[in-house]
Amino acid sequence: MLSADSDTPVLHLTGPILLGPEQEITEAWVHQGRIHHQRPELPTGTEVRTLAGFTVPGLADLHCHLGIGDDGKGTTLEQAREQALTDRDTGVLLIRDAGSIIDNSPLQHQADLPRLIRCGRHVARTWRYLIGYAEEVEPEDLPAAITHEAGRGDGWVKLVGDWIDRGVGDLTTCWDAATFRAAADAAHAAGARITTHTFAEDTLPMVLDAGFDCLEHATGLTDDTIARAAESRTPVVTTLVNVGEFEQYAAQGEKKFPTYAAHMRRLREGRYDRTRDALDAGVALLVGTDAGGVLGHGIIHDELDELARAGMTGPQILQAAAWGPREFLGVPALEDGAPADLLVVHDDPRADHRALRDPGVVVLGGRVVKG
């Protein structure tokens, strides 16, 4: 991350510094790229800029694709950089890339971009995913593919667990239970965690049995798998903005695949109830947008609005969008000495999450990049 230059002003943060759901302090300082809970010793004449407002950690997007264009093809690295800048300017300062067509690792070395944790490329079953997106393999080759992608990413691998089966005319799982387990075992042996794209109900028991570390979308959650995810402390990355597009996918496939279309509509209709039930059961919900490809970048606040429609309060949304993702990924928030990746907003986001839509100031690595 960015280290502040010696001529970068010290920032004096006044107003509540929100360290967690039930913890705040009244002021803090940003010096040499880090946040300090006590005033640091400063040379005489040091420039100090005061920022008044509510300070929160930079937002996180745990399901984002840097390097996939709206045409479904890989972008240039410069275009991927523009996508990251678009996300950054909405307050997203931490991204877990959930699969990209291009090698976007050079973006990790560009200090004005959000912190990036990568899954490498999607791994999918042959002919069972979007054309050109994934490393496509058959079951016998899946463990080797998982090991390969674990080496390309930053401790994460993404597996496509289910997709439309055109021979059946509906969503079906792409792998059997033993193959899901072999994939999880391969990822863990390589020192990585594994997550899965899943829409269908039948996939979830198998990936929970296999010990997957995270669930993407998880539109097929049932009372049973919600309880199991809560018990195993397996988080769900929400992507409700993407689930809202299921009507479009249903309409596109309705003529040839009416069963699939009806299924996608049921999943869409149940999205808010499923989200509330998971939250009430104690499942950790983490914010993701699925930006890149079908959806454009810069939509984090649309996702937060969706969480509010599902009944989540301001503190719960902040937990899902800021504190929770950082804890899950092992990235500091606003602890004393942490990298200063933060937002200063005018109004209290605990009272109304929409205060986050207008960050007065965005600070990345101790440097003001917006405001």
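Which side chains meet in a salt bridge at 3.1 Å, N to O? In this predicted model, the side chains of R357 and D302 do so, and the legends below begin with that pair.

**View 1. The salt bridge of R357 with D302 links distant parts of the chain.** R357 belongs to the loop between strand 18 (342-345) and strand 19 (359-364), whereas D302 is part of helix 10 (residues 300-309), and the two positions are 55 residues apart. R357 has a relative accessible area of 41% and is therefore partly exposed, and D302, with a relative accessibility of 35%, likewise counts as partly exposed.

**View 2. Within helix 10, R309 and E306 form a salt bridge.** The side chains of R309 and E306 meet at 2.6 Å, N to O, and the two residues are three apart in the helix, about one turn. E306 has a relative accessible area of 9%, so this residue is buried.

**View 3. Helix 7 and helix 8 are roughly antiparallel to each other.** The axes of helix 7 (residues 246-253) and helix 8 (residues 258-269) come within 8 Å and cross at roughly 170°; because this angle is over 145 degrees, the two helices count as roughly antiparallel. Helix 7 contributes F246, E247, Y249, A250, A251 and G253 to the contact, and helix 8 contributes P258, Y260, A261, M264, R265, L267 and R268. By class, the residues of this contact comprise nine nonpolar, one polar and three charged.

**View 4. A salt bridge joins E247 of helix 7 to R265 of helix 8.** The closest N and O atoms of E247 and R265 are 2.9 Å apart, and the pair ties together parts that are 18 residues apart in sequence, since E247 lies in helix 7 and R265 in helix 8. Both residues are partly exposed, E247 at 35% relative accessibility and R265 with a relative accessible area of 21%.

**View 5. E24, D348 and R350 are linked in a network of salt bridges.** In the whole structure, a search finds 19 salt bridges.

**View 6. L59 is among the residues with the most contacts inside the largest nonpolar core.** This core has 92 residues, and I146, L159, I194 and M264 share with L59 the position of having the most contacts inside it. Helix 11 (residues 314-329) supplies the largest share of the core, six residues. Leaving aside neighbours within four places in sequence, L59 is in contact with T90, G91, V92, L93, L94, I300, H301, L304, A321, A322, L343 and L356. Another core, of 15 residues, lies apart from the largest one and includes L11, L19, A338 and V363.

Methods. Residues numbered from 1 in each chain as written. Predicted model: local features only at pLDDT ≥ 70, side-chain atom pairs only at ≥ 80, totals over all residues. Heavy atoms only, no water. Core = buried A, V, L, I, M, F, W, Y, C linked by side-chain atoms within 4.5 Å. Buried < 20%, exposed > 50% of the residue type's maximum accessible area, 1.4 Å probe, protein only. Helix = DSSP H or I, 4+ residues; strand = E, 2+ residues; numbered from the N terminus. Contact = heavy atoms within 4.5 Å. Axes fitted to C-alpha atoms, helices over the stretch in contact; angles between N-to-C directions. Parallel < 35°, antiparallel > 145°, perpendicular 65-115°, else oblique. Nonpolar A, V, L, I, M, F, W, Y, C, P; charged D, E, K, R; others polar. Salt bridge = Lys/Arg side-chain N within 4 Å of Asp/Glu carboxyl O.
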